[in-house]
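Hi,

Here's the structure I said I'd pass along. Have a look at it first, and my notes follow underneath.

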Amino acid sequence: MKNFMDIIKAAKDAQSNIAQLQEELGARVVEAAVGGGVVVARANGKQELIGIQIKPEAVELGDMEMLQDMILSAVNEAMRKSKALAAEEMNKIAGGLNIQEILGNLK
């Protein structure tokens, strides 16, 4: 019975650690710049876009399609970095288990 109680305690500890990590990830910021820094996207570790910076020279170019592509690229790269950050931190809690892979297999 002690082993079962140890498992329950470990699960509760992991749940607490995950909740704390989620809060911390909200405060962690990643950034992606494209076009030599003309467009910069910022996201937090919860995969939330928190800012986009577009320098005036991007608008002066007059090529709206290029500007749209740069924005998409910056946002996608910021989201990729955010997901990688979250996965890295989650894997630290999981003791090396690939949580993202496990959760993906449950779907």
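Below is what turned up on the salt bridges and the nonpolar core.

Bear in mind that this is a predicted model. The salt-bridge count comes to 3, and Glu89 is a good place to start. Glu89 sits in helix H3, which spans residues 64-93, and its relative accessible area is 13%. That makes Glu89 buried, because the cut-off for buried is under 20%.

Glu89 pairs with Arg28, with the closest N and O atoms 3.5 Å apart. This bridge ties together distant parts of the chain: Arg28 is in the loop between H1 and E1, 61 residues away from Glu89 in H3. Arg28 is partly exposed at 37%. Glu89 also forms a salt bridge with Lys92, this time with 3.2 Å between the closest N and O atoms. Lys92 is 3 residues from Glu89 in helix H3, about one helical turn, and is exposed at 55%. Through shared partners, Arg28, Glu89 and Lys92 end up in one network. Setting aside its sequence neighbours within four places, Glu89 also contacts Leu21 and Leu25, along with Arg28.

The other bridge is Glu77 to Arg80, at 2.6 Å from N to O. Both residues lie in H3, 3 residues apart. Glu77 is partly exposed at 28%, and so is Arg80, at 46%.

As for the core, the largest nonpolar one has 19 residues, with Val39 and Met70 making the most contacts inside it. H1, E1, E2 and H3 each supply at least two of its residues, and H3 gives the largest share, 9 residues. Beyond residues up to four places away in sequence, Met70 touches Val34, Gly35, Val38, Val39 and Ala58.

Cheers

Terms used
Residues are numbered from 1 along each chain as its sequence is written. This is a predicted model: local features need pLDDT of at least 70, side-chain atom pairs count only at pLDDT 80 or more; totals for chains, interfaces and linings use all residues. Side-chain values use heavy atoms; hydrogens and water are left out. Helices (H or I, at least four residues) and strands (E, at least two) are DSSP runs, numbered from the N terminus. Buried means under 20% relative accessible area, exposed over 50%, partly exposed in between (1.4 Å probe, protein chains only). Contact means heavy atoms within 4.5 Å. A nonpolar core is a set of buried Ala, Val, Leu, Ile, Met, Phe, Trp, Tyr and Cys residues joined through side-chain atoms within 4.5 Å. A salt bridge is a side-chain nitrogen of Lys or Arg within 4 Å of a carboxyl oxygen of Asp or Glu.
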